[in-house]
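Me: I am new to this structure and would like to learn how to read it. Could you take me through some features one at a time?

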Amino acid sequence: MPFHSFVQDGEGWKTLEEKRVYSSPFMQVQEMKVQTPTRPQGAHWTVVHRKAACVVVPVLENGDFLLIRQERVPVRQALWEFPAGQIDVEEGDFDRSVARNGVREMQEETGYELAPGFEIIRMGHFFTSPGMTDEVCHLMLARGVTPSPKGTQHDKEEAITECRAVSPSKLKEMIGEGRICDANSLAAFARMVAMGLL
């Protein structure tokens with residue numbers, strides 16, 4: 001069973017077989033046979049199911065962006081990125097869950113919270129790696145954030161080593177030089193540019 005219902009069979013698509021081969025609180029791995037519009041006999045695929053996630057782009061009053069530097073074990077690097085996390089869905093209200101989880105992740109990872117007069121801009125979603133996972137990531141811009149009296153509250157599995165404010169020009173420079181290279185942050189940047197928010 002998937003972690004979310006965002007991806008479902010539709011016209012020309014049908015799950016013919018599925019077998020769970022691994023499960024944890026964070027993901028499930030299934031061997032599947034899926035009928036597609038061009039493959040009615042079915043295509044065999046290994047699919048990693050993950051919860052939906054949210055990426056938040058925090059923007060300070062002066063227009064600077066907040067980035068965190070986080071150790072990422074699979075790639076053996078500490079990466080500069082926007083705060084993000086998986087979404088815990090509240091009963092019957094997915095949109096509200098996205099916003100609440102995004103704001104919570106931002107506060108926990110950066111130590112900043114929404115300031116009076118803040119603005120939340122939803123920037124749609126993207127699929128993080130659709131060749132192997134159904135993980136969908138929702139993007140939001142949080143304009144008007146301020147230091148929180150609570151400070152940071154990092155998850156025990158996380159290793160966030162730094163939080164830094166960068167100007168829009170510095171953000172572009174870091175992306176151009178490959179110093180920001182995670183899909184979440186690059187997708188958020190691309191969506192901001194496409195929507196005229198940067």
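Reply: Happily! Let's begin with two cysteines: the sulfur of Cys 54 has its closest cysteine sulfur in Cys 137, 6.9 Å away, which is too far for a bond. Please keep in mind that this is a predicted model.

Me: What is a disulfide, and how many does this model have?

Reply: In general, a disulfide is a covalent bond between the sulfur atoms of two cysteines. To count one here, the two sulfur atoms must lie within 2.5 Å. The count for this model is zero. Looking from the other end, Cys 137 has Cys 54 as the holder of its closest cysteine sulfur, and 6.9 Å is too far for a bond.

Me: Are these cysteines buried or exposed?

Reply: The cut-off to remember is that a residue under 20% relative accessible area is buried. Cys 54 has 1% relative accessibility, so this residue counts as buried. Cys 137 is also at 1%, so it too counts as buried.

Me: Now the strands, please. What is the order of strands in the open sheet of three?

Reply: The general idea is that strands of a sheet pair through backbone hydrogen bonds, either parallel or antiparallel. In this sheet the order is S1-S2-S3, and the pairing is antiparallel. The edges are taken by S1 (14-23) and S3 (39-50); each has a single partner strand, so one side of each has no neighbour in the sheet. From one strand to the next, the twist averages 15°.

Me: How many bridges link S1 and S2?

Reply: There are eight bridges between S1 and S2, which spans residues 27-36. As an example, follow Arg 20 across to S2, where its bridge partner is Gln 30.

Me: And how many bridges are there between S2 and S3?

Reply: That antiparallel pair has nine bridges. Met 27 makes a good landmark, with Arg 50 as its bridge partner in S3. The link from S2 to S3 is a hairpin with two residues in it.

Me: Where does Ala 52 lie?

Reply: Ala 52 sits in the loop between S3 and S4. Its relative accessible area is 5%, so Ala 52 is buried. Try finding Glu 135 as well: this residue is 83 residues from Ala 52 along the chain, yet their C-alpha atoms are separated by 5.6 Å.

Me: How should I read a helix such as H1?

Reply: As a general guide, an α-helix has 3.6 residues a turn, so residues three or four places apart point the same way. H1 covers residues 94-110, and its 17 residues reach 24 Å from first C-alpha to last, close to the 24 Å expected. Its buried residues include Ser 97, Val 98, Asn 101, Gly 102 and Glu 105. Among the elements covering the buried residues of H1 are strands S4 (53-60), S8 (112-127) and S9 (136-147). After the helix comes Gly 111, with a positive phi near 80°.

Me: Which residues does Met 106 touch?

Reply: Met 106 belongs to H1, and its relative accessible area is 0%, so Met 106 is buried. Leaving aside residues up to four places away in sequence, Met 106 touches several others, including Val 56, Pro 58, Pro 83, Tyr 112 and Val 145. Gly 85 is 21 residues from Met 106 in sequence, with 8.9 Å between their C-alpha atoms.

Me: What lies between S5 and S6?

Reply: These two strands form a hairpin with four residues between them, and Arg 76 in the turn has a positive phi of about 55°. S5 and S6 run antiparallel and are joined by five bridges. In S6, Trp 80 is the bridge partner of Arg 69.

Me: Which side chain has a polar contact with that of Glu 81?

Reply: The side chain of Arg 72 does, at 2.5 Å. Glu 81 is in S6, residues 77-81, and counts as buried at 3% relative accessibility. Beyond residues up to four places away in sequence, the residues touched by Glu 81 include Leu 67, Asp 182 and Ser 185.

Me: Ser 185 sends me to H3. Which residues of H3 are buried?

Reply: In H3 these are Asn 184, Ser 185, Ala 187, Ala 188, Phe 189 and Met 192. H3 has twelve residues, 183-194, and reaches 16 Å, close to the 16 Å expected. Just after H3, Gly 196 takes a positive phi of about 70°.

Key:
Residues numbered from 1 in each chain as written. Heavy atoms only, no water. Pairing = 2+ DSSP bridges. Axes fitted to C-alpha atoms, helices over the stretch in contact; angles between N-to-C directions. Buried < 20%, exposed > 50% of the residue type's maximum accessible area, 1.4 Å probe, protein only. Expected span 1.5 Å × (residues − 1). Contact = heavy atoms within 4.5 Å. Polar contact = N/O pair within 3.5 Å; in protein donor to acceptor, adjacent residues only side chain to side chain.
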